[in-house]
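Student: I am new to this structure and would like to go through it slowly, one question at a time. Could we begin by looking at it together?

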Amino acid sequence: MQKVISTERLPIKIWLDEAEEGSIKQAKNLANLPFAFKHICLMPDTHEGYGMPIGGVLATRGVIIPNAVGVDIGCGMCAVKTNIPAETVSKEQLKQIMSGIREQIPLGFDHHKERQDESLMPQDFNLEELPVVKNQYLAALKQIGTLGGGNHFIELQRCGEGYLWIMIHSGSRNLGKQVADYYNRMAKKLNERWFSSVSLQADLAFLPFKTDEALHYYKEMRYCIEFAFANRKLMTQRIQQVVSTVLQSVAYEPIINIAHNYAAWEEHFGEKVVVHRKGATSAKAGETGIIPGSQGTKSYIVEGLGNPESFMSCSHGAGRVMSRSAAVRNLDLGAEIRKLDDLGIIHSIRGKSDLEEATSAYKDILQVIAFQSDLVKIKVELSPLAVIKG
């Protein structure tokens with residue numbers, strides 16, 4: 001159940017005990033926007049972001065804010081269950097699979113050397129209506145099917161029934177960033193021209209849907225969401241190919257896909273509004289979602305409960321408790337390696353820079369799940385067997 005801050009123009013509803021000062025400050029900025037609707041939501045994984053908190057949900061009347069979507073448009077999760085009992089997969093086979101994945105999927109800033117097949121790209125769009133996407137299209141053909149860096153990952157996991165799962169966290173790569181940056185710059189220029197009362201210092205420049213700029217951004221954003229899914233889907237297919245070369249008679253259930261950085265027109269409290277989810281997941285009644293943990297902790301396949309108070313949303317993960325730089329400064333490399341080794345998880349932590357995504361840099365996923373018991377219910381609990389970080 002949520003706590004409420006009621007000192008601003010709109011209430012701020014918080015699904016955790018104590019949110020950090022930076023994320024509360026940003027939430028107050030959102031609550032005082034003249035076009036913000038009903039209330040602001042902070043999910044249990046919330047932490048300070050750029051303009052809007054990660055783990056934040058904002059509904060607006062007729063306005064879209066590029067920074068309330070973020071730079072990795074369409075970033076999200078995919079998960080696939082196999083028919084293989086995890087206990088039958090040896091450590092050596094897991095290592096073979098992970099090695100094969102590294103050969104097939106570029107990691108970090110790496111891209112494919114050759115352009116991938118255009119049929120893999122989103123099809124139901126007119127590139128002439130998407131100036132940024134059109135400009136970046138050839139580069140994106142080398143980015144599709146690549147993981148990216150930061151908190152993006154590929155994991156092999158075991159569910160409570162004992163079966164092997166594949167999970168991927170990735171987004172729209174540089175394409176989404178280019179779209180986000182272009183329209184955020186445009187929004188800032190227009191807001192300055194309009195002498196907007198919205199503080200540009202809060203990094204919340206907006207585009208009203210009465211303008212062509214908002215319509216163009218929305219189209220390009222939708223393309224990036226589809227591109228991010230196409231990216232995860234291609235990686236999933238190539239991981240399946242690797243798994244099937246190492247293990248015999250593998251069958252795969254349909255892919256589960258969700259995005260957690262986007263905005264969409266939805267109906268809430270009797271009005272059509274633009275719901276911005278920045279590091280938050282849709283959790284409509286009966287909707288299947290994915291809430292991953294941090295490296296070395298459990299992840300969850302969940303079912304939405306359709307709680308209207310969260311705009312039918314839930315968290316997108318565990319959420320950080322320290323910045324990447326703070327994690328490198330403060331965490332002990334040997335201790336973090338031992339945590340994963342003691343759990344028998346195959347990993348690639350080797351140097352201090354890997355501490356950016358260490359388990360201790362994130363919140364306790366069990367507590368995060370407990371805070372949102374009125375938003376989702378657990379369908380499947382997944383434990384990591386092997387992990388590749390971007």
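Tutor: Before we start, two strands are said to pair if DSSP finds at least two bridges between them. Please keep in mind that this is a predicted model.

Student: In what order do the six strands of the open sheet stand?

Tutor: The pairing in this open sheet is mixed, and from one strand to the next the twist averages 25 degrees. Read across the sheet, the six strands follow the order β1-β2-β3-β4-β12-β11.

Student: Which strands stand at the edges, each with a single partner strand?

Tutor: A strand with a single partner has one side left without a neighbour in the sheet, and this holds for two strands here. They are β1 (3–5) and β11 (261–268).

Student: Which residue in β2 is the bridge partner of V4?

Tutor: Strand β2, residues 12–14, pairs with β1 in the antiparallel sense, and three bridges join them. Within β2, the bridge partner of V4 is K13.

Student: At about what angle does helix α1 run to β3?

Tutor: Helix α1, residues 21–31, lies across β1, β2, β3 (40–47) and β4 (54–60). Its direction relative to β3 is at about 160 degrees.

Student: How many disulfides does a search of the whole structure find?

Tutor: A disulfide is a covalent bond between the sulfur atoms of two cysteines, and the cut-off used here is a pair of sulfur atoms within 2.5 Å. The cysteine sulfur closest to that of C41 is in C314, 12 Å away, which is too far for a bond. C41 is buried, with a relative accessible area of 0%, and C314 is buried as well, at 1%. The number of disulfides found in the whole structure is zero.

Technical notes
Residues are numbered from 1 along each chain as its sequence is written. This is a predicted model: local features need pLDDT of at least 70, side-chain atom pairs count only at pLDDT 80 or more; totals for chains, interfaces and linings use all residues. Side-chain values use heavy atoms; hydrogens and water are left out. Helices (H or I, at least four residues) and strands (E, at least two) are DSSP runs, numbered from the N terminus. Axes are lines fitted to C-alpha atoms, for helices over the stretch in contact, and angles run from 0 to 180 degrees between N-to-C directions. Contact means heavy atoms within 4.5 Å. Buried means under 20% relative accessible area, exposed over 50%, partly exposed in between (1.4 Å probe, protein chains only).
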